[in-house]
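Trainee: I would like to learn how to read the features of a structure. Could we take one and go through it step by step?

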Amino acid sequence: ATGSTYDLLKENHINAKEITEITGTRQLINGKVKTLYPDVFAGILADLNNPTEKADIEEKNIKLFDMVVVNFYPFEEAVTKQVEETELTNTIDIGGPSMLRAAAKNNKRVLAVSSPEQYKDVLSDLEEHNGESSLKLRREFALKVFEKTLDFDTKILHELSNRFEEDTN
C-alpha cells in the first residue's frame, strides 16, 4: 500500500506492506512514481504455469500479488472544482489504473478491486472460498476494471480537449 492507504490499513490492524518495502526505493518525483516498478508488475502479471515466468519470480524472489485494490485519484472532483491545469493533471492517476489493468489482464490468478462498493462482495467471496477469490469474481471484476479505466480515460480526454481548445482560441 502507499501513503494514506497504508496508514489507514495499519490503523485498522490490517497486515500490509508499504510499497517501498517491495520496490526497495522511496517514492520519486513528489510521489508520482510509487508503484511503477518491475517487481510490482511482475508480482501482478506472473503466470505461474509458464516455466520461464515462474523461474524469473523465484530467481528474483519477487512477491506475488493475489489481489490489487485501487481507488483512483479524484480527477472528476478536480474537474467539478475547475482547478487549474497543474492541479488537474496531478489527479490523473497513472500507477493505479496500470496496476488494475495488469491484475485484470491476469484474472486467472489475481483479483482486481476497483471500487469500495466491491469490498463487501470481495469479503463474501473470500469467506465462501476459504480465503481465495473465485475465478467468477476475478473475471467479473476484470471487466469492471476495463470499463472503469475506459471511463476514466474518456473523462480525461474530454476535459483536456476542452481546456486545450480554449487555450488555442
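Mentor: We start with a term. Helices and strands here are DSSP runs, of at least four residues for a helix and at least two for a strand, numbered from the N terminus. Keep in mind that this is a predicted model.

Trainee: How many helices and strands are there in the chain?

Mentor: The chain has 9 helices and 2 strands. In sequence order the pattern reads α-α-α-α-β-α-α-α-β-α-α. The C-alpha trace spans about 55 × 35 × 35 Å along its principal axes.

Trainee: Where is N130 placed?

Mentor: N130 sits in the loop between helix 8 (119-128) and helix 9. Its phi is near 55°, a positive value in a residue other than glycine.

Trainee: Is N130 buried or exposed?

Mentor: The cut-offs are under 20% relative accessible area for buried and over 50% for exposed. N130 has 76%, so it counts as exposed.

Trainee: Which loop holds N61, and what is its phi?

Mentor: N61 is in the loop between helix 4 (51-60) and strand 1 (67-69). Phi of N61 is near 55°, again positive in a residue other than glycine. With 56% relative accessibility, N61 is exposed.

Trainee: How should I read a helix that has buried residues?

Mentor: Begin with the repeat. An α-helix has 3.6 residues a turn, so residues three or four places apart point the same way. Now take the case here: V122, D125 and L126 are the buried residues to look at in helix 8. Seen down the helix axis, the buried residues of helix 8 fall within an arc of 100°, so they line one face.

Trainee: Which exposed residues are on the face of helix 8 turned away from its buried side?

Mentor: That face carries K120, L123, E127 and E128. On the buried side, the cover includes strand 1, strand 2 (111-113) and helix 9.

Trainee: What about the nonpolar core? How many residues does the largest one have?

Mentor: A nonpolar core is a set of buried residues of the nonpolar kinds joined through side-chain atoms within 4.5 Å. The largest one here has 27 residues, and V40, I44, V68, M99 and L100 have the most contacts inside it. Helix 3 (38-45), helix 5 (75-80), helix 7 (95-105) and helix 9 (135-168) each supply at least two of its residues. Another core, of 6 residues, lies apart from it; L111, V113, L126 and L137 are among them.

Trainee: Which residues does V68 touch, not counting those up to four places away in sequence?

Mentor: On that count, V68 touches I44, M99, L100, A103, V110, L111, A112 and V113.

Trainee: Let us take one residue of helix 7. Is A102 buried or exposed?

Mentor: A102, which lies in helix 7, is buried, with a relative accessible area of 5%. Leaving out residues up to four places away in sequence, A102 touches F41, I44 and L45. A102 and D47 are 55 residues apart in sequence, and their C-alpha atoms are 12 Å apart in space.

Trainee: And for the chain as a whole, how much is buried?

Mentor: Of its 169 residues, 36% count as buried. The exposed area is about 11,200 Å², with carbon and sulfur atoms supplying 50% of it. For charge, there are 21 positive and 31 negative side chains, and the centres of the two sets lie 5 Å apart.

Definitions and conventions:
Residues numbered from 1 in each chain as written. Predicted model: local features only at pLDDT ≥ 70, side-chain atom pairs only at ≥ 80, totals over all residues. Heavy atoms only, no water. Buried < 20%, exposed > 50% of the residue type's maximum accessible area, 1.4 Å probe, protein only. Areas by Shrake-Rupley, 256 points an atom, 1.4 Å probe, with all protein chains shown as cover. Lys, Arg positive; Asp, Glu negative; His and termini not counted. Charge placed at Lys NZ, Arg CZ, Asp CG, Glu CD. Contact = heavy atoms within 4.5 Å. Arc of directions from axis to C-beta.
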